[in-house]
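Open the structure in your viewer and keep the sequence panel in sight. Each stop below says what to select and what is there.

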Amino acid sequence: MVYSRVFYSRVNYSPSGRVLCRMRTDLGTAEGIESREPVHFVTQQTRFALINNILQHPEQLPSMYELEELNPSVSDATVYKHIQKLIDAGIVKEVALDDDQRRQGYPWKFYGLTEEGRTFLDEHNLLAAEETLQQIYETISDKPEKMVKYENSPRPDDA
C-alpha cells in the first residue's frame with residue numbers, strides 16, 4: 001500500500017546510529033520503511049493509551065492534566081514526552097484557547113488528533129473501538145473534582 005501524505009519526516013537515531021523511527025505514510029518507497037513501523041510507533045503502549053484517551057474524551061480534546069490522571073501508572077514526564085512524540089509525528093496536535101478565552105484556574109492547552117492522524121488510524125483499523133471507548137469513559141464515576149472541572153472547561157472552537 002502506498003500513501004501520498006507525509007506525517008513525519010524527522011528521523012530518530014539510536015546511539016549506534018540505527019534508525020529508530022521515521023514516521024512516513026509513503027511506506028512503499030525505496031527508503032525501505034516497513035509498513036508495520038508506523039503502526040508500531042502509534043501502538044507503543046503509552047502512546048496508544050494516550051491516543052485512546054483522546055478518542056474517549058467527550059470533546060476529544062483532553063488537557064495534559066486529564067491525560068496524566070487517566071494514566072496514573074505513568075509519570076507526568078512520560079505522558080508529556082509521548083504526547084510530544086505524537087505531535088512530532090503529526091498524529092496529535094496541541095490546540096490552545098485564545099488569550100481572551102483563557103480563565104484562571106482552567107486549562108488552556110488541549111490535545112487532539114490531526115486530520116492526518118485520524119486518517120492514518122482509520123486506515124489501519126485503529127479507530128474501531130472509538131465508540132466503546134467513549135462509553136467506557138462515561139462510566140468513570142470516581143474522577144477527581146479537578147478532572148471534572150477540567151473536563152467541563154471551555155475548548156477551542158476551531159480545533
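Leaving aside its neighbours within four places in sequence, which residues is Asn53 in contact with? Select Asn53 and show what surrounds it: the contacts are Pro62, Leu67, Leu70 and Asn71. Keep in mind throughout that this is a predicted model.

**Stop 1: Asn53 and its helix**

Asn53 sits in helix α2. The relative accessible area of Asn53 is 6%, so this residue counts as buried, the limit being under 20%. Now add Gln56 to the selection. The side chains of Asn53 and Gln56 make a polar contact of 3.1 Å.

Next, select the whole of α2, residues 45-56. The helix is mostly covered, with 9 of its 12 residues buried. Among the buried ones are Thr46, Arg47, Asn52 and Gln56, and so are Leu50, Ile51, Ile54 and Leu55. For the start of the helix, show Gln44 as well. A side-chain oxygen of Gln44 comes to within 3.0 Å of the backbone nitrogen of Thr46.

You can also check the length of α2. Its 12 residues, at 1.5 Å a residue, should span 16 Å, and the end C-alpha atoms are 16 Å apart, so the two agree.

**Stop 2: the nonpolar core**

Select Val42, Ile51, Leu86, Ile91, Leu113 and Leu121. These are the residues with the most contacts inside the largest nonpolar core, which has 23 residues. The elements that give two or more residues to this core include α1 (36-43), α3 (64-69), α4 (76-88) and β4 (109-113); α2 and α5 (115-123) are also on that list. Which element gives the most to this core? That is α2, with 4 residues.

Stay with Leu113 for a moment. Beyond its neighbours within four places in sequence, Leu113 is in contact with Ile51, Ile54 and Leu55, among others. Its contacts also include Ile91, Val92, Lys93, Arg118 and Leu121.

**Stop 3: the two sides of α5**

Select α5 and colour Gly117, Phe120 and Leu121, the buried residues of this helix. Looking down the axis of α5, you find these buried residues within an arc of 95 degrees, so they line one face of the helix. An α-helix has 3.6 residues a turn, so residues three or four places apart point the same way. Then colour Glu115 and Asp122. Both are exposed, on the face of α5 turned away from its buried side. Just after α5, select Asn125, which takes a positive phi of about 55 degrees.

**Stop 4: Glu151**

Move on to helix α7, residues 145-151, where Glu151 lies. Is Glu151 buried or exposed? Its relative accessibility is 14%, so Glu151 counts as buried. Show the side chains of Glu151 and Lys143: a polar contact of 2.8 Å joins them. Not counting residues up to four places away in sequence, Glu151 also touches His57, Pro58, Glu66 and Tyr137.

**Last stop: the whole chain**

Clear the selection and view the protein chain as a cartoon. There are 7 helices and 4 strands, and from the N terminus on they run β-β-α-α-α-α-β-β-α-α-α. Of the 159 residues, 42% count as buried. Switch to a surface view: the accessible surface of the protein chain comes to about 9100 Å², with 45% of it belonging to carbon and sulfur atoms. Among contacts in the chain with a separation of 6 or more, 58% are between residues 24 or more positions apart.

Key:
Residues are numbered from 1 along each chain as its sequence is written. This is a predicted model: local features need pLDDT of at least 70, side-chain atom pairs count only at pLDDT 80 or more; totals for chains, interfaces and linings use all residues. Side-chain values use heavy atoms; hydrogens and water are left out. Buried means under 20% relative accessible area, exposed over 50%, partly exposed in between (1.4 Å probe, protein chains only). A polar contact is a pair of N or O atoms within 3.5 Å; within protein, one must be able to donate a hydrogen and the other to accept it, and residues adjacent in sequence count only if both atoms are side-chain atoms. Contact means heavy atoms within 4.5 Å. A nonpolar core is a set of buried Ala, Val, Leu, Ile, Met, Phe, Trp, Tyr and Cys residues joined through side-chain atoms within 4.5 Å. The expected span of a helix is 1.5 Å times one less than its number of residues. Accessible areas come from the Shrake-Rupley method with a 1.4 Å probe; for residues, only the protein chains shown count as cover. The arc is that of the directions from the helix axis to the C-beta atoms.
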